[in-house]
Amino acid sequence: MNQETTNSIMEPHLESIPLEDREFYSPLGNFEWHLLQSDDDIGDYSIYLDDHVTRIRRTNLEAFFAERRERNQLREQKGLQAEKPAKGHWFCVYEVTGDSDDKPCTMCLKTDHFQGLCPYRHYVSKDAKIGPGGVLVCKCCREEGGHYGTDWIACVTDNICMICRNAGEHGTEECPKKRQSTDGGQ
Ligand SMILES: [Zn+2]
Ligand SMILES: [Zn+2]
Ligand SMILES: [Zn+2]
């Protein structure tokens, strides 16, 4: 490994972030240096390498790394080497703690965000429990239910109700209108 590559991967001093950005981001989260590899889906997580710092929710960063782990596993299963981290990037990571009074996200059923910000929109493991507001799709081609076998990455998109056209709160089977008409018929 040449000197330049080593330098780009080692965590630099915090002072390498321009003062302006450091002052802007420090009240908004914790600075963390993370390595990126060339097949990471950085666009989907709004990570722009031209920016000195990317602000990201902890849950989305966790999804980002979980997605990479699965990509690396899939490569290994095919006898390919996992991509090596190519460069590093500064993140400003912030946590959102749930309030038990909040309505749970209808996609992942956690309470620290509403479904518009659900990390499952970026990545979900294929065996995760998905709430009524979401439907599992292939991240690449958006095919509902994904594909045969394991060689694809899953994420979740809005479950659109075919009865009331509601997006993201319930599926067709759980539609309150359907329930009403069923109750009325008894
Ligand atoms: Zn969620
Ligand atoms: Zn696909
Ligand atoms: Zn409905």
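1. Read along the sequence, the protein chain of this predicted model follows the pattern α-α-β-β-α-β-β-β-α, which amounts to 4 helices and 5 strands. Of its 186 residues, 20% count as buried. Among the contacts in the protein chain with a separation of 6 or more, 60% are made by residues 24 or more positions apart.

2. Some of the strands can be placed together in an open sheet of 3 strands, whose order is 1-3-2 and whose pairing is mixed. Its edges are formed by strand 1 (30–37) and strand 2, each of which pairs on one side only. On average, and with direction ignored, neighbouring strands of this sheet are turned by 45 degrees against each other.

3. Within that sheet, strand 2 and strand 3 run parallel and are joined by 5 bridges; as a point of orientation for the reader, Thr54 stands opposite Phe91 in strand 3. Helix 3 packs on the sheet, where it touches strand 1, strand 2 and strand 3, and the direction of helix 3 makes about 95 degrees with that of strand 2.

4. Which residues touch the most other members of the largest nonpolar core? That core has 20 residues, and the ones in question are Val53, Met107, Cys118, Tyr120, Val124, Cys155 and Val156. At least two core residues come from each of strand 2 (53–57), helix 3 (58–77), strand 3 (85–94) and strand 5 (154–158). Because domain 1 (1–95) and domain 2 (102–186) both give residues to this core, the core lies between them.

5. Cys155, one of the core residues that touch the most other members, deserves a separate look. If residues up to four places away in sequence are not counted, Cys155 touches Tyr120, Arg121, His122, Tyr123, Val124, Val137 and Lys139. Of these contacts, Tyr120 and Val124 are also on the list of core residues that touch the most other members.

6. Is Lys129 buried or exposed? Lys129 has 7 C-beta neighbours inside 10 Å, and a residue with 12 or fewer is taken as exposed, so Lys129 counts as exposed. Its place is in the loop between strand 3 and strand 4 (134–138). Although Lys129 and Cys108 are 21 residues apart in sequence, their C-alpha atoms are 7.1 Å apart in space.

Technical notes:
Residues numbered from 1 in each chain as written. Chains lettered and ligands numbered in written order. Predicted model: local features only at pLDDT ≥ 70, side-chain atom pairs only at ≥ 80, totals over all residues. Core = buried A, V, L, I, M, F, W, Y, C linked by C-beta atoms within 7 Å. Domains from an automatic or database assignment. Contact = placed C-beta atoms within 7 Å. Pairing = 2+ DSSP bridges. Axes fitted to C-alpha atoms, helices over the stretch in contact; angles between N-to-C directions.
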